Amino acid sequence: MSMPSLFLSALFVGPLVQAALPPVEPPDGIIRRLPTAEKVVALTFDACEAGKRATLDHAITDFLISKGIPFTVFVSGRFVHDNATAMRDLATHPFVEIENHSWSHPSDMRTLSDADVRAEVLRASTEIYSVTARKPHLFRFPGGYADGRVVALVRDLGFEVVHWRWAEGDPSRGVSADTLVQQTLTKTRPGEVLIFHVNGRGWHTAEALPAIVDGLTAAGYQFVLPSAYLPQIHQQAPSTP
Ligand SMILES: [Zn+2]
C-alpha cells in the first residue's frame with residue numbers, strides 16, 4: 001500500500017469505527033473494537049518487556065480472577081520467559097486469554113525487515129506455547145506502530161491484529177485512578193477494546209479497576225474475550241492441568 005493511501009485509510013478509521021453498525025472488515029486490517037453492537041467490552045492488558053526486566057502486576061490479575069472476569073494479556077516473549085511461573089498460573093484459568101505482543105517489544109516494528117517481523121512473532125508464540133500450552137491467535141504491535149506491510153505479514157502468519165480505539169494512557173504516572181475510571185465510563189462504546197498495562201507500568205490501573213468494573217457493569221456491559229467476537233479466530237483451548 002502506498003503512503004498516501006495509508007494516510008487516507010488512517011483518516012477514515014475514526015468515522016468508520018464510530019458508525020452504529022460494526023465494520024465487517026477493518027479498513028486497514030487492524031481491529032480497534034469488536035465487530036458487535038452488543039454491550040460488551042474486552043479488558044486487555046499489555047505485558048511489555050524490552051530491555052529491562054518487568055514483572056506481572058498481581059494486584060490486577062488477582063482482582064479479575066477473584067471476580068471471574070475474562071481478560072486478555074498481550075505478552076512479549078521475553079516477559080513470558082522471565083515470568084514463567086506467573087504466566088503458567090494465569091493459563092490455568094480458561095477465561096484468561098494469552099496473546100502475542102512480539103518477542104523483544106521493538107520500539108517500532110515498521111523498521112524491521114520482513115524476516116525480522118516474522119521472527120519476532122513466531123519466537124514469542126513459541127515461548128508462550130512452551131510455557132503456557134496456549135497457542136496465540138491475536139497480535140498487538142508494540143506501541144501500536146504498524147503499517148500495511150507489517151500488518152499483512154502478521155496476518156499471513158494466521159494472526160488477527162487487535163489494537164484499541166483510544167488509549168487509557170496508564171503507563172503515564174500522571175494519569176490518576178480517577179481519570180482512568182472517568183474516561184473509561186465516558187468513552188466506552190459497545191465492542192470497546194480497552195488497553196491497560198500489567199507489567200508494573202500501569203501505575204494506577206489496579207486501583208482503578210474495581211470502579212471501572214462496577215461502573216461498566218452498572219451501565220449494562222459484559223466482559224468478553226476478543227476471540228469470541230472474531231469468528232475467524234480459533235479460541236484458545238484451556239490448558240489441561
Ligand atoms: Zn507493549
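**Two helices and a covered strand**

In helix α2, which spans residues 58-67, the buried residues are I60, T61 and L64, where buried means that 20 or more other C-beta atoms, placed from the backbone, lie within 10 Å of the residue's own, exposed means 12 or fewer, and partly exposed lies in between. These three cover an arc of only 85 degrees around the axis, which puts them on the same side of α2; the arc is that of the directions from the helix axis to the C-beta atoms. An α-helix has 3.6 residues a turn, so residues three or four places apart point the same way. The face turned away from the buried side of α2 carries the exposed residues D62 and S66.

This is a predicted model, in which local features need pLDDT of at least 70 and side-chain atom pairs count only at pLDDT 80 or more, while totals for chains, interfaces and linings use all residues. Residues are numbered from 1 along each chain as its sequence is written. Helices (H or I, at least four residues) and strands (E, at least two) are DSSP runs, numbered from the N terminus.

Helix α7, residues 177-187, has L180, V181 and T184 buried. They cover an arc of only 95 degrees around the axis, which puts them on the same side of α7, whereas D178, T186 and K187 are exposed on the other side. The buried residues of α7 pack against β7 (192-197) and α8 (205-218), with contact meaning C-beta atoms, placed from the backbone, within 7 Å.

In β7, E192, L194 and F196 are buried on one side and V193, I195 and H197 on the other.

Terms used: Contact = placed C-beta atoms within 7 Å.
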